[in-house]
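Colleague: Got a minute? I'd like to go through this structure with you.
Modeller: Sure, let's pull it up.

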Amino acid sequence: MLKKIITFVLIFISLNIFAQSRKVIGYYPSWNKASFPANQVKYEYLTHIIHAFVYPNDDGSELVVPYGFEFPALISAAHQKNVKVILGIGGWGQSNGFSPVVSDTAKRRKFINDVVEMCKVYGYDGVDLDWEYPKSNDRNNLTLLMKELKGELLKLNPSMTLSIAAPSTDWNNGYDWNEVKNILDWIGIMTYDFHGSWTNHSGHNSPLYTPKNDADGSVEQSFKYYIAKGIPSDKLCIGVGFYGWLFTSKSLYGASTAASQITYTNIVPRLSSGWKYNWDSVSFVPYLTDPNNTQVLSYDDTLSVKYKCEYIKKNNIGGLIIWAIGQDKVGSTQPLLETVGNNLLKNVSGINEVIKPEEFILQQNYPNPFNSQNHISFTLQDSRDIFKVKLSVFDLMGREIDVIINDMMRKGSYKITYEPKKISSGIYYYSLNVNGNIFTRKMLYLK
């Protein structure tokens, strides 16, 4: 008995050590200071905040600090909660000055001095370089910048970190990965914007898995790309977008004539205003279609974020980066951030393992929406004859609120009648767990 207790304690301690070592890194855009003040940040669900952005001017001669960028209240509040604050440098449309900086010894030295001085004055805990994007002729000089900057940061404080926001794949061959993987503390992969205003068709913003009919990439594809570069998995952080892309398109992967970015905060109201919720069981992300079938909205919700967290844990990935905290604010809650924190930092999860669904089928419930009872059909097909099956209902926060089936079942097709007894009107997930394989769809209950 004592041996079992000790074993359990050791397992519990190990799980908590793994959870504590994972990073939840949220970018905080400085221009959101008024709409998302420091006292609204849910620090308990974060390990790091990247304060974005300062940047080199176009000729690399000066470090530009935008008006109103300084935010000591954010740094102070984060430090009180043991959350580190990183100085973010660069960003989309603000990266032209990097190449002149790295290619000129004097400019590189001035840039490093200015960055280190800013960290010293304001109390930043590290630096994150978001150069979008270095080219092959920048590689050697970029490595020099990283070595020299990291050296000066460590002189300031041995705990200072240096990290980067990296593209989904290094299509410009701009990084010497053999060198920089030993300099950087983590590499945040921007595994979002796989589709957007630049693509001629609609598609997922951040698919976990790559669908067969679209070759524009996925989280898994990017992760495997960097692993093949010899980068340890625990130095990688995948990216999660708290926003989506709204396409003028008749169907997912259909031709698109326009697209615009929209935050999760502004996506949520569409769920109750006639838009149809769809779950892509190949890419493990949702998308919405409007009542007239003229628009497609690709985004992440609490369920797809939960699957990404499970993918991180399964593959021993270092954590994730978020663009951007505050973009999932719904009333007093921040559902996506809370889902991330609960799953990565607190080891709370309603999903056991992420496996691509290939051998089992979960049908959409019907009728949907429904106001009394509805039917859920599923098929168990495999070489095995008997399966451990659990069919559950979850709310939008990922909490299990009803269990329809929890039993051993034989191979075959089933139609289950479900009549809710203890839930109120709203949107829910129903989830089929077959021997650890998870299949999920959404239902709308109207009393």
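Colleague: What volume does the largest pocket have?
Modeller: About 710 Å³. Keep in mind that this is a predicted model.

Colleague: Which residues lie nearest the centre of that largest pocket?
Modeller: Glu132, Tyr133, Met190, Tyr192 and Asp193, out of 29 residues that line the pocket. Helix 7 (219–228), strand 9 (243–248) and strand 14 (319–323) are the elements that give two or more residues to that lining.

Colleague: And how does the lining divide into nonpolar, polar and charged?
Modeller: For the largest pocket you get 16 nonpolar, 9 polar and 4 charged residues.

Colleague: OK, how much space lies in the second largest pocket?
Modeller: About 290 Å³. Its lining has 15 residues, and Trp275, Lys276, Tyr277, Asn368 and Leu444 lie nearest the centre. Strand 11 (276–280) and strand 21 each supply at least two of the lining residues.

Colleague: Strand 21, hm. What's the strand order in the open sheet of 4 strands?
Modeller: The order is 18-17-20-21, and the pairing is antiparallel. Strand 18 (400–410) and strand 21 (437–445) each have a single partner strand, so they stand at the edges with one side lacking a neighbour in the sheet. From one strand to the next, the twist averages 15°.

Colleague: How many bridges join strand 17 to strand 20?
Modeller: There are 6, between residues 386–394 and residues 426–434. In that region, Ser392 stands opposite Ser431 of strand 20.

Colleague: Which helix packs on the sheet?
Modeller: Helix 9 (residues 302–314) does, touching strand 20 and strand 21. The direction of helix 9 makes about 165° with that of strand 21.

Notes
Residues numbered from 1 in each chain as written. Predicted model: local features only at pLDDT ≥ 70, side-chain atom pairs only at ≥ 80, totals over all residues. Heavy atoms only, no water. Pairing = 2+ DSSP bridges. Axes fitted to C-alpha atoms, helices over the stretch in contact; angles between N-to-C directions. Contact = heavy atoms within 4.5 Å. 1 Å grid on protein atoms, 1.4 Å probe; cavity = no way out; pocket = protein on both sides within 12 Å on 5 of 7 lines; lining within 4 Å. Points joined across faces, edges and corners; volume = space filled by probe spheres on them. Nonpolar A, V, L, I, M, F, W, Y, C, P; charged D, E, K, R; others polar.
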